[in-house]
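Please work through the exercises below with the sequence and the structure at hand. Each task is followed by a solution that goes step by step.

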Amino acid sequence: ALVLPRLPAIYERFQDKSEQEQLIQSLSTLSLKAYTRQQTLTLTRESAAAILGLTSNLKLRIDQPIIYQANGVCLGGQLSFELDGITRQLDLQPPYCEPRLL
């Protein structure tokens, strides 16, 4: 009886965490994706959904394009995302742009 009323909130937190992890995992693979395709990938707000394959309700904000060169090197950048009213920032440091929460 105590757990049942909280079940929707628990589910929402799990779903939010899952969407955040999906975003981080997708960002982590972009250097490899650019290298294996031998093409430059430019991550912008407009291209993010297609490049990252995201279908969630994340709202991404990318002020400056983040460029992943064909040799797998990333030039770095920052992005923020909003999920259920909470905004978080990710820092992508060159050369491979492993995402780090700020």
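## Exercises on a predicted model

**Exercise 1. How many helices and strands does the protein have, and which pattern do they follow along the sequence?**

*Solution.* The coordinates come from a predicted model, and the answers below should be read with that in mind. Step one is to count the elements: the secondary structure comes to 3 helices and 6 strands. Step two is to read them along the sequence, which gives the pattern α-α-β-α-β-β-β-β-β. Step three is to look at burial and contacts: buried residues make up 34% of the 102 residues, and of the contacts with a separation of 6 or more, 43% are between residues 24 or more positions apart.

**Exercise 2. Establish the order of the strands in the open sheet, and work out which strands lie at its edges.**

*Solution.* Begin with the pair β4 (residues 77–83) and β5 (residues 86–93), which are joined in the antiparallel sense over 7 bridges; within this pair, Ser-80 stands opposite Gln-89 in β5. The two strands form a hairpin with 2 residues between them, and Asp-84 in the turn has a positive phi of about 55°.

Next, follow β5 to β6 (residues 98–101), to which it is joined by 4 bridges, again antiparallel. Here Leu-90 stands opposite Leu-101 in β6, and Leu-92 stands opposite Pro-99 in β6. These strands also form a hairpin, with 4 residues between them.

Finally, put the pairs together: the open sheet has 4 strands in the order β2-β4-β5-β6, with antiparallel pairing. The edge strands are β2 (59–61) and β6, since each pairs on one side only. Neighbouring strands of the sheet are turned by 30° against each other on average, direction ignored.

**Exercise 3. Locate the disulfide, describe its geometry, and decide whether its two cysteines are buried or exposed.**

*Solution.* A disulfide is a covalent bond between the sulfur atoms of two cysteines. The structure holds 1 disulfide, formed by Cys-74 and Cys-97, whose sulfur atoms are 1.9 Å apart. The angle about the S-S bond is -75°, and the link of Cys-74 and Cys-97 is left-handed. The pair links distant parts of the chain, 23 residues apart, with Cys-74 in the loop between β3 (66–68) and β4 and Cys-97 in the loop between β5 and β6.

For burial, both Cys-74 and Cys-97 turn out to be buried. Cys-97 counts as buried because its relative accessibility is 0%.

**Exercise 4. Which residues touch the most other members of the largest nonpolar core, and which elements give two or more residues to this core?**

*Solution.* In soluble globular proteins, nonpolar side chains tend to be buried together. The largest nonpolar core has 23 residues, of which Leu-23, Leu-27, Leu-43, Leu-52, Tyr-68 and Leu-79 touch the most other members. The elements giving two or more residues to this core are α1 (7–28), α2 (30–37), β1, α3, β3, β4 and β5.

Tyr-68 can then be examined on its own. With its neighbours within four places in sequence left aside, Tyr-68 is in contact with several residues, among them Leu-27, Ala-34, Leu-41 and Leu-92, as well as both Cys-74 and Cys-97.

**Exercise 5. Where do Gln-38 and Cys-97 lie, and what is phi for each of them?**

*Solution.* Most residues other than glycine have a negative phi, and most peptide bonds are trans. Gln-38 has a positive phi, near 50°, and lies in the loop between α2 and β1; Gln-38 is exposed because its relative accessible area is 52%, with the limit set at over 50%. Cys-97 has a positive phi near 55°, and its place is in the loop between β5 and β6. That loop also holds Pro-95, and the peptide bond joining Pro-94 and Pro-95 is cis, with omega about 10°.

**Exercise 6. Is Ser-47 buried or exposed, and which backbone nitrogen lies 2.9 Å from a polar atom of its side chain?**

*Solution.* Ser-47 lies in the loop between β1 (41–43) and α3 (48–52). Its relative accessibility is 19%, and because buried means under 20%, Ser-47 counts as buried. The backbone nitrogen in question belongs to Thr-44.

Technical notes
Residues numbered from 1 in each chain as written. Predicted model: local features only at pLDDT ≥ 70, side-chain atom pairs only at ≥ 80, totals over all residues. Heavy atoms only, no water. Buried < 20%, exposed > 50% of the residue type's maximum accessible area, 1.4 Å probe, protein only. Polar contact = N/O pair within 3.5 Å; in protein donor to acceptor, adjacent residues only side chain to side chain. Pairing = 2+ DSSP bridges. Disulfide = S-S within 2.5 Å. Core = buried A, V, L, I, M, F, W, Y, C linked by side-chain atoms within 4.5 Å. Contact = heavy atoms within 4.5 Å. Axes fitted to C-alpha atoms, helices over the stretch in contact; angles between N-to-C directions.
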